[in-house]
Amino acid sequence: MKRVSLTLVFVWVVSLAAGQSSVTGDFRDMRFEQFVEKIEGQTAFRFFYKRQWTDSLRVNAAASNTPLDQLLSEIFRGTDLQFAIDGWNRVFVTKGRRIATDLASGFFEAGPEKSKRQEDAFDFSDYEKRERKKQIAETRLFAIGAKTTNMDGKATIGGSVRDASTGEPVIGATVFIERPMIGVSTDQFGYFAINLPKGRHELKIKSIGMKPTVRQIMLYGDGKLDILLEQDVTPLKEVVVESQADARLTNVQMGAEKLDMQTMKQIPLALGETDIMKVVLTLPGVQSVGEGTVGINVRGGATNQNLILLNDAVVYNPSHLFGFFSTFNPDILK
């Protein structure tokens, strides 16, 4: 009888853990931050990530009792984002390389195969390998030309600048040093030739759409130096383009006019100060009661028949300075 009771408790715990790892909901057309808030609200999972990595990521998925790791794999498909879930329901989102949440089996075992198992368990991703290779190239000292004790005069460095991923020449890349400022640009074939004083220099290479890099050189004489640049992908934040065309169909207000500050500042006014009451005079059906006053007549109505509100508060006297200017500060108007 005791054995049966223990078995039932074990099955219940396993089913509860499995239920916590499954997600149900509609996550279509949703920002990643909204997706995280919804998941954290209905499950015990907690996410850890950098917002600048996901500010342009849109989630377009629906789940019905779907495991969270399967749902995240679908969301991150086609991106360089990785994720890892540990035993405490913590979700770590990384870029380029996945976090190992536990040690490999046999990590602490002694033996000749220990180092091989460690290397297999913690293999570097392609992204990190490229970063290490780039760091080595930027810190290594390149000797250009035959070594000599005569360091007077100048020498010429020639070479090519190419894309590291495709091998295509980079046209218009800038190759220069800052002290003294000497620089050249690559031609249509990606080749360059720069004449520099002999000695040690930090050669900088920049191009639009590519990651900048540097080369430490010791210039003894004429020589060649080929350079590889990596593409630089700049993530852009979400851009929302809205229109007021639909508002005219859903909320019809006859005779309603809407002005914004950008439009008002384009209208030339006296003394160069934007005055909302003077701008209203440019609308059809609105006339001034006379020069030197802010009073207006709207479609034949009198001045005292106008209702003027500021933050839903009635403004009885909308003018100051003997009626030449209105009381509204254009910088606080929306």
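In this predicted model, the side chains of Glu 238 and Arg 58 meet in a salt bridge, with 2.8 Å from N to O. Glu 238 lies in the loop between strand 16 (227-229) and helix 7 (245-250), while Arg 58 belongs to strand 4 (residues 58-59), so the pair ties together parts that are 180 residues apart in sequence. Both partners count as partly exposed: the relative accessibility is 39% for Glu 238 and 36% for Arg 58. The pair also has company, since Asp 29, Arg 58 and Glu 238 are linked in a network of salt bridges.

A search of the whole structure finds 6 salt bridges. One of them joins the side chains of Arg 28 and Asp 26, again at 2.8 Å from N to O. Here Arg 28 counts as exposed, because its relative accessibility is 52% and the cut-off for exposed is over 50%. Its partner Asp 26, at 37%, counts as partly exposed. Another salt bridge brings together the side chains of Asp 86 and Arg 90, with an N to O distance of 2.7 Å. In this pair Asp 86 is buried, with a relative accessible area of 10%, whereas Arg 90 is partly exposed at 34%.

Arg 90 also leads to a pair of strands, for strand 7 covers residues 90-95. Strand 7 pairs with strand 6 (residues 81-85) in the antiparallel sense, over 5 bridges. A helpful place to start tracing this pairing is Leu 81, whose bridge partner in strand 7 is Lys 95. The two strands form a hairpin with 4 residues between them, and in this hairpin Asn 89 takes a positive phi near 60 degrees. When looking along strands such as these, it helps to recall a general pattern: in a regular strand the side chains alternate between the two faces of the sheet.

Aromatic rings offer another way to follow the chain. A pair of aromatic rings is described by the distance of the centres and the angle of the planes. The count comes to 8 aromatic pairs. In one of them, the rings of Phe 32 and Tyr 49 have their centres 5.3 Å apart and their planes at 85 degrees, so the pair is edge-to-face. This pair links distant parts of the chain, 17 residues apart: Phe 32 is in helix 2 (residues 32-42), and Tyr 49 is in the loop between strand 3 (46-48) and helix 3 (51-54). The surroundings of the two rings can be compared through their accessibility: Phe 32 counts as buried at 0%, while Tyr 49 is partly exposed, with a relative accessible area of 21%.

Phe 32 takes part in a further aromatic pair, this time with Phe 76. The Phe 32 and Phe 76 pair is tilted, with 5.7 Å from centre to centre and 40 degrees between the planes. Phe 76 lies in the loop between helix 4 (68-75) and strand 6, and Phe 32 in helix 2, so this pair ties together parts that are 44 residues apart in sequence. Both Phe 32 and Phe 76 are buried. Taken together, ring pairs link Phe 27, Phe 32, Phe 35, Phe 47, Tyr 49, Phe 76 and Phe 83 into a cluster.

Nonpolar side chains deserve a look as well. Leu 259 is found in the loop between helix 7 and helix 8 (261-264), and it is partly exposed, with a relative accessible area of 27%. Leaving aside neighbours within four places in sequence, Leu 259 is in contact with Met 264, Ile 276, Val 279 and Leu 283. Leu 259 and Val 280 are 21 residues apart in sequence, and their C-alpha atoms are 8.9 Å apart in space. On the surface, Leu 307, Leu 309, Val 314 and Tyr 316 make a nonpolar patch of about 490 Å². Of these residues, Val 314 has its place in strand 20 (residues 313-314) and counts as partly exposed at 41% relative accessibility.

Stepping back to the whole chain, there are 9 helices and 22 strands. Of the 334 residues, 29% count as buried. The accessible surface comes to about 23300 Å², of which 53% belongs to carbon and sulfur atoms. Among contacts between residues at least 6 apart in sequence, 51% join residues at least 24 apart.

Methods: Residues numbered from 1 in each chain as written. Predicted model: local features only at pLDDT ≥ 70, side-chain atom pairs only at ≥ 80, totals over all residues. Heavy atoms only, no water. Buried < 20%, exposed > 50% of the residue type's maximum accessible area, 1.4 Å probe, protein only. Contact = heavy atoms within 4.5 Å. Areas by Shrake-Rupley, 256 points an atom, 1.4 Å probe, with all protein chains shown as cover. Salt bridge = Lys/Arg side-chain N within 4 Å of Asp/Glu carboxyl O. Pairing = 2+ DSSP bridges. Patch = residues over 30% accessible without salt bridge, like charges linked within 9 Å, V, L, I, M, F, W, Y side chains within 5 Å. Phe/Tyr/Trp six-rings, centres within 6.5 Å; stacked < 30°, edge-to-face > 60°.
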